[in-house]
Amino acid sequence: MEQPRAAARLRRILGHLGGSSVRAVVAHRTSGKITPANFHPQQFQYTLDNNVLSLDQRKFYEENGFLVIKNLVSDADIQHFRVAFEKICSEESKPAGLMIIRDVSSVESENIPSEETIARIQDYQEDKELFRYCTLPEILKYVECFTGPNVMAMHTMLINKPPDTGRKTSRHPLHQDLHFFPFRPSNRIVCAWTAMEHIDGNNGCLAVLPGTHKLPLKPHDYPQWEGGVNIFYHGIQNYDQDHARVHLVMEKGDTVFFHPLLIHGSGRNQTQGFRKAISCHFASSDCHYIDVKDTSQEHIEKEAVGIVDKFYGSDSGLDLKNAVNNL
């Protein structure tokens, strides 16, 4: 499969990063109601000893499950990723294994693929330019604070959230990413999510529920939305609706790192433009596959296999256990 090869390539690249220089960055917390940094001395669970995060940053992530680093990815890199996405949209580039997904509001359209019809792409690891995001030294130096030095790129995505048509299909229900991942331990998994432009409440910024990374994995399913729900947009079936939310207003290049159990989602894009972000879920090479049979994740595994068979043919031979173990 393409993903194991991509992960192997990342490990090789990591071996050459020891002497790489990275430009200085400054970390900032997001605005919003969050747990104060009155951290009680205890063993760190969600971060590893490192010389990158300050003590305050480690405490913040430990308590809240996310951390925003301002201006982490350069404008030049963002532009390269944008051009690579446009080439995919115009079919000038056709990376192997790439999954192209339209918004449910436009799936019945006969329009040819374009930037206006593609809501997101997944598994871009065979696109050399997009996969370069996963190998950026400035990204990996932070990733290793959560995973350790032996890193695997597990899931890649570029989101092109479209203007909402009025059916509210551009929103993403509150969910935990671990629902989609059949590997553990969860504390050695982290997502890097980078804004490719200014993102706020108007165009559907991320909303997170601080501290929910300390909760167990909850049952997910498709929400019963009248306007329809996008493929794989499972949401938590019950959660504390009074829990404080933080809306992450981000500028181009800002990157949020968050735990796979953190409850998060995003609202509608109420602008006329497309809101773009690029992301990758990373995991320690020490992570192991789990059998999801008879668990809340069993149905998403069956759905994933069915969708892959639909995209690539019934003989795709997808085996999630082998896919993870071979990374």
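User: Why is Lys70 called partly exposed?

Analyst: In this predicted model, Lys70 has a relative accessible area of 25%. Buried means under 20% and exposed means over 50%, so with 25% Lys70 falls in between and counts as partly exposed.

User: What makes Lys70 and Asp254 a salt bridge?

Analyst: Their closest N and O atoms are 2.5 Å apart. The cut-off is within 4 Å, between a side-chain nitrogen of Lys or Arg and a carboxyl oxygen of Asp or Glu, so the pair of Lys70 and Asp254 qualifies. Lys70 belongs to strand 2 and Asp254 to the loop between strand 12 and strand 13, so the pair ties together parts 184 residues apart in sequence.

User: Is Asp254 buried or exposed?

Analyst: Asp254 is buried: its relative accessibility is 2%, and buried means under 20%.

User: How many salt bridges does the rule give?

Analyst: The count comes to seven salt bridges.

User: Why are Asp77, Glu129 and Arg132 called a network?

Analyst: Arg132 takes part in two of the pairs. The side chains of Asp77 and Arg132 meet at 2.9 Å, N to O, and Arg132 also forms a salt bridge with Glu129, at 2.7 Å between the closest N and O atoms. Both values satisfy the cut-off of within 4 Å, and the three residues are linked in a network of salt bridges.

User: Which parts of the chain does the pair of Asp77 and Arg132 tie together?

Analyst: Asp77 lies in helix 3, while Arg132 lies in the loop between helix 4 (128-131) and helix 5, so the pair ties together parts that are 55 residues apart in sequence.

User: How do you know which members of that network are buried or partly exposed?

Analyst: Set each value against the limits of 20% and 50%. Asp77, at 12% relative accessibility, counts as buried. Arg132, with 26%, is partly exposed, and Glu129, with 27%, is partly exposed too.

User: What is the span of helix 3, set against the expected value?

Analyst: Helix 3 covers residues 75-89, which makes 15 residues. From its first C-alpha to its last it reaches 21 Å, close to the 21 Å expected at 1.5 Å a residue.

User: How do you know that the buried residues of helix 3 are on the same side?

Analyst: The buried residues are Asp77, Ile78, Phe81, Arg82, Ala84, Phe85, Ile88 and Cys89. They cover an arc of only 160° around the axis, which puts them on the same side of helix 3. As general background, an α-helix has 3.6 residues a turn, so residues three or four places apart point the same way. Just after helix 3, Glu91 takes a positive phi of about 65°.

User: Why is Tyr142 called buried?

Analyst: Tyr142 has a relative accessible area of 4%, and the limit for buried is under 20%, so Tyr142 counts as buried. Tyr142 is found in helix 5 (residues 137-147). The C-alpha atoms of Tyr142 and Asn51 are separated by 9.9 Å, with the two residues 91 apart along the chain.

User: What makes strand 13 a partner of strand 2 and of strand 8?

Analyst: Two strands pair if there are at least two bridges between them. Strand 2 (residues 66-70) and strand 13 share four bridges in the antiparallel sense, and strand 8 (residues 189-195) and strand 13 also share four, again antiparallel; therefore both combinations meet the rule. On the strand 2 side, Val68 has Val256 as its bridge partner; on the strand 8 side, Thr194 stands opposite Thr255.

User: Which way do the residues of strand 13 point?

Analyst: Thr255 and Phe257 point one way, Val256 and Phe258 the other way, and all are buried.

User: Why do strand 6 and strand 12 count as edges of their sheet?

Analyst: The open sheet has four strands in the order 6-14-9-12, with antiparallel pairing. Strand 6 (172-175) and strand 12 (246-247) each have a single partner strand, so one side of each is left without a neighbour in the sheet. Inside that order, strand 9 (residues 206-208) and strand 14 (residues 264-266) pair over three bridges, where Val208 stands opposite His264.

User: How many helices and strands does the protein have, and what share of its residues is buried?

Analyst: The protein has seven helices and 16 strands, and 53% of its 327 residues count as buried.

Methods: Residues numbered from 1 in each chain as written. Predicted model: local features only at pLDDT ≥ 70, side-chain atom pairs only at ≥ 80, totals over all residues. Heavy atoms only, no water. Buried < 20%, exposed > 50% of the residue type's maximum accessible area, 1.4 Å probe, protein only. Helix = DSSP H or I, 4+ residues; strand = E, 2+ residues; numbered from the N terminus. Expected span 1.5 Å × (residues − 1). Arc of directions from axis to C-beta.
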